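Student: Got a minute to walk me through this one? I'd like to start with the ligand.

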Amino acid sequence: MGVAVMKLRNPPVNSLSLECLTEFTISLEKLENDKSIRGVILTSECPGIFSAGLDLLEMYGRNPAHYAEYWKNVQELWLRLYTSNMILVSAINGASPAGGCLLALCCDYRVMADNPKYTIGLNESLLGIVAPFWFKDMYVNTIGHREAERALQLGTLFSPAEALKVGVVDEVVPEDQVHSKARSVMTKWLAIPDHSRQLTKNMMRKATADNLIKQREADIQNFTSFISKDSIQKSLHMYLEKLKQKKG
Ligand SMILES: CCCCC/C=C\CCCC/C=C/C(=O)SCCNC(=O)CCNC(=O)[C@H](O)C(C)(C)COP(=O)(O)OP(=O)(O)OC[C@H]1O[C@@H](n2cnc3c(N)ncnc32)[C@H](O)[C@@H]1OP(=O)(O)O
């Protein structure tokens with residue numbers, strides 16, 4: 001039926017390393033150019049994790065040129081996903097913090113597994129970093145200004161039930177039905193003529209995407225100088241240590 005399934009596979013936690021981001025963007029571009037493909041189901045092959053978000057090791061202890069290169073690729077992936085002409089449905093089969101949530105928010109419809117261990121949200125403030133304006137814009141577009149304001153400040157990671165209530169996801173289903181539900185949602189969306197759906201999607205999303213396009217370079221510079229600060233590097237160090245200690 002012209003539907004591709006993209007499975008994120010970067011063990012152990014599907015963090016979005018530079019290599020992973022680049023491969024993702026290239027795969028998406030190929031699908032976009034394949035006229036037989038009208039929809040993509042985005043999911044994960046890592047058990048219990050949709051995506052741990054941006055790779056913290058790409059943002060810690062590197063040089064400014066690396067940060068700039070990394071951020072350019074984060075922007076690129078976001079622009080491609082958010083403005084895709086294809087129907088994107090996410091089958092969220094695991095934890096989905098920060099950049100993981102961003103991937104899901106880019107989709108036209110989000111189905112999440114009903115497992116309270118899985119959480120989703122933009123939790124950047126908990127790491128001592130700040131979600132950039134275009135993450136924020138997409139959050140506001142999805143859940144409204146008040147909910148986004150609160151969730152961004154608190155770095156809220158929502159359980160599936162909470163995510164459904166606030167509108168971060170569109171549907172919560174038993175874990176073993178995430179994929180079949182995503183497929184049935186896709187079937188419904190495929191019934192809409194592409195040209196009218198695409199023009200409508202473009203009308204809804206263009207201003208948000210253009211907001212980044214017109215200041216991409218400044219956004220890269222902002223990110224690079226922010227992430228290079230000693231205080232921010234210290235916060236990231238502490239967060240990475242906390243992740244390690246959780247194990248021991
Ligand atoms: C004012 C101007 C502003 C301009 C812009 C400025 C700032 C930039 C903002 C940047 C936006 C950032 C977005 C992000 O996405 S940041 C990443 C946020 N992600 C997280 O907080 C998730 C952290 N990870 C977890 O919570 C858990 O790992 C888990 C995903 C729930 C999975 O848990 P579990 O199965 O128990 O696995 P472990 O915790 O044991 O992790 C396994 C190993 O993976 C490493 N890990 C985890 N997450 C990441 C990550 N995101 N990046 C890199 N590595 C990660 C973890 O440390 C473990 O490594 P180890 O085996 O070597 O110990």
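Student: So how many residues surround the ligand, and which are the closest?

Tutor: Keep in mind that this is a predicted model. In it, 29 residues surround the ligand, and the closest are Ala-52, Gly-53, Leu-54, Ala-98 and Gly-99.

Student: What's the split between nonpolar, polar and charged in that shell?

Tutor: There are 19 nonpolar residues, along with five polar and five charged.

Student: And which helices and strands each supply at least two residues of the shell?

Tutor: Two strands do, β5 (53-54) and β7 (94-97), and so do the helices α9 (216-228) and α10 (230-247).

Student: Let's stay with α9. Which of its residues are buried?

Tutor: Asp-219, Phe-223 and Ile-227 are buried in α9. They cover an arc of only 50 degrees around the axis, so they sit on the same side of α9.

Student: What do those buried residues pack against?

Tutor: The buried residues of α9 pack against α2 (64-82), α8 (194-213) and α10.

Student: Which exposed residues are on the face turned away?

Tutor: That face of α9 carries Glu-217, Ala-218 and Ser-225.

Student: New topic: how many residues are in the largest nonpolar core?

Tutor: The largest nonpolar core has 65 residues. Those with the most contacts inside it are Leu-88, Val-89, Ile-92, Cys-106, Val-111 and Ile-120. α2 gives the largest share of this core, eight residues.

Student: Pick Ile-120. What does it touch, not counting residues up to four places away in sequence?

Tutor: Among the residues Ile-120 touches are Ile-92, Ser-96, Met-112, Leu-157, Phe-158 and Val-169.

Student: How about α4, which residues are buried there?

Tutor: In α4 (residues 133-143), Trp-134, Phe-135, Met-138, Tyr-139 and Ile-143 are buried. Their arc around the axis is only 150 degrees, which puts them on the same side of α4. What covers them includes α2, α3 (99-106), α5 (145-154), α6 (160-166) and α8.

Student: What follows α4?

Tutor: Gly-144 does, and its phi is positive, near 90 degrees.

Student: Last one, Val-173. Where does it lie?

Tutor: Val-173 lies in strand β10 (residues 171-173).

Student: Why does Val-173 count as partly exposed?

Tutor: Because Val-173 has 17 C-beta neighbours inside 10 Å, and a residue needs 20 or more to be buried, while 12 or fewer would make it exposed.

Student: And what is Val-173 in contact with, leaving aside neighbours within four places in sequence?

Tutor: Val-173 is in contact with Val-111, Asp-114, Val-178 and Lys-181.

How values were computed: Residues are numbered from 1 along each chain as its sequence is written. This is a predicted model: local features need pLDDT of at least 70, side-chain atom pairs count only at pLDDT 80 or more; totals for chains, interfaces and linings use all residues. A residue is near a molecule or strand if its C-beta atom, placed from the backbone, lies within 6 Å of it. Helices (H or I, at least four residues) and strands (E, at least two) are DSSP runs, numbered from the N terminus. Ala, Val, Leu, Ile, Met, Phe, Trp, Tyr, Cys and Pro count as nonpolar, Asp, Glu, Lys and Arg as charged, and the others, Gly among them, as polar. The arc is that of the directions from the helix axis to the C-beta atoms. Two residues are in contact if their C-beta atoms, placed from the backbone, lie within 7 Å. A nonpolar core is a set of buried Ala, Val, Leu, Ile, Met, Phe, Trp, Tyr and Cys residues joined through C-beta atoms within 7 Å.
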